[in-house]
Amino acid sequence: MRILAGIAFLLLTGDAVFAQDAGIPALSLVQQENGGQTWSVSLQILLLMTALTLLPSLVLATTSFTRIIIVLAILRQALGMPQTPPNNVLVGLALFLSLFIMSPVLTKVYDDAVNPYMEGTMEIDEAAMNAQQPMREFMLGQTREPDIAMFSGLAGYEGFETADDIPLTVLMPSFLTSELKTAFQIGFLTFIPFLIIDLVVSSVLMSMGMMMLSPMLISLPFKIMLFVLVDGWTLLVGTLASSFTIL
């Protein structure tokens, strides 16, 4: 981020010096040939750098990443291997699975907002509104009404006539809260089979008088064998992908 900030500073200051020599303001509206207006290159770079700093938060707050990574972390604890698979593997799987799930939404955002703006046929304000709409539809499809009602009451809103009236300041925390609830529900169902194995192994060891032998050491191979035999990764990933409602 320091390198990016330095590059942005050099670009902004260099453009500002050139603009001063040419008598043109660095941060200004530029008239296009089709009659529209767009921001100068310096301001666009500044906005891009700002967006890059907010990108991780947007990925967490507006996509399917949160639910997926929590379920994968619970699965790792249920198997009894806190460090396997490593964090990098889980995050990578969650990112690519999120990209797969969000691909219809991202395609719509590109077709309705990004592509027209890059071609110069749409202003940045209109492009931002068009990009926001598919993301709002996705989040509304996963958000529970009680969560929206709770945050609406906390924000002082009495109610909304349509879903389009819900502001992002209410929708995004409601979506995150709903995602946490759904993730823990799926994680609970995932945990049960492995918990049963632990209980059975612990009971057998107690009946045999092996008090000093750790039940986790004995149950771990059985849990891995069960997970492999039922093709657990395919079942879990398929369940996560099908749990999202794409409008």
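**Exercise 1. Describe the second largest pocket of this predicted model: its volume, the residues and helices that line it, and the classes of those residues.**

Solution. Start with the volume: in this predicted model, the second largest pocket has a volume of about 210 Å³. Next, list the lining, which consists of L189, T190, P193, F194, L226, F227, V230, G232, L235, L236 and T239. Then assign the lining to elements: α7 (168–207), α8 (215–229) and α9 (232–242) each contribute at least two residues to the lining of this pocket. Finally, sort the lining by class, which gives eight nonpolar residues, three polar residues and no charged residues.

**Exercise 2. State how the helices and strands are arranged along the protein, and decide where the predicted coordinates call for caution.**

Solution. First count the elements: the protein has nine helices and two strands. Read along the sequence, these elements follow the pattern α-β-β-α-α-α-α-α-α-α-α. Turn next to the confidence of the prediction, where the mean pLDDT of the protein is 76 and 79% of its residues reach 70 or more. Among the elements, helix α1 (residues 2–22) has the lowest mean pLDDT, 41, whereas helix α3 (residues 65–79) has the highest, 89. Over residues 1–30 the pLDDT is below 50, and this stretch nevertheless has 29 contacts in the model beyond near neighbours in sequence. Where pLDDT is low, the predicted coordinates should not be read in detail.

**Exercise 3. Summarise the burial, the contacts and the accessible surface of the protein as a whole.**

Solution. Begin with burial: of the 247 residues in the protein, 32% are buried. Continue with contacts between residues at least 6 apart in sequence, of which 68% join residues at least 24 apart. Close with the surface, which comes to about 15100 Å² of accessible area, with 71% of it belonging to carbon and sulfur atoms.

**Exercise 4. Place W233 in the structure, list its contacts, and then examine the backbone at P85 and at D231.**

Solution. W233 lies in helix α9. Its relative accessible area is 33%, and W233 is therefore classed as partly exposed, the class between 20% and 50%. Leaving aside neighbours within four places in sequence, W233 is in contact with L72, L75, P85, L93 and F227. Of these partners, F227 also belongs to the lining of the second largest pocket. L72 is 161 residues away from W233 in sequence, yet the two C-alpha atoms are 9.9 Å apart in space.

Now follow the contact to P85, which is found in the loop between α3 and α4 (87–118). The peptide bond that joins T84 and P85 is cis, with omega at about -5°.

Last, consider D231, whose place is in the loop between α8 and α9. D231 has a positive phi of about 55°, although it is not a glycine. With a relative accessibility of 42%, D231 counts as partly exposed.

**Exercise 5. Decide whether M102 and L176 are buried or partly exposed, and set out the contacts of each.**

Solution. Take M102, which lies in helix α4. Its relative accessible area is 2%, under the 20% limit, and M102 is therefore buried. Not counting residues up to four places away in sequence, M102 touches T62, T63, S64, M135 and F138. M135, one of these partners, is 33 residues from M102 in sequence and 9.3 Å from it in space, C-alpha to C-alpha.

Then take L176, which is found in helix α7. With a relative accessible area of 28%, L176 is partly exposed. Residues up to four places away in sequence being left out, L176 touches L60, A61 and T66. L176 and T143 are 33 residues apart in sequence, and their C-alpha atoms are 8.1 Å apart in space.

Conventions: Residues are numbered from 1 along each chain as its sequence is written. This is a predicted model: local features need pLDDT of at least 70, side-chain atom pairs count only at pLDDT 80 or more; totals for chains, interfaces and linings use all residues. Side-chain values use heavy atoms; hydrogens and water are left out. On a 1 Å grid over the protein atoms alone, a cavity is a set of points where a 1.4 Å probe fits but cannot get out, and a pocket is an open set with protein on both sides within 12 Å along at least five of seven lines; lining residues have an atom within 4 Å of a point. Grid points are joined across faces, edges and corners, and a volume is the space filled by probe spheres set on the points. Helices (H or I, at least four residues) and strands (E, at least two) are DSSP runs, numbered from the N terminus. Ala, Val, Leu, Ile, Met, Phe, Trp, Tyr, Cys and Pro count as nonpolar, Asp, Glu, Lys and Arg as charged, and the others, Gly among them, as polar. pLDDT is the predictor's confidence in each residue, from 0 to 100. Contact means heavy atoms within 4.5 Å. Buried means under 20% relative accessible area, exposed over 50%, partly exposed in between (1.4 Å probe, protein chains only). Accessible areas come from the Shrake-Rupley method with a 1.4 Å probe; for residues, only the protein chains shown count as cover.
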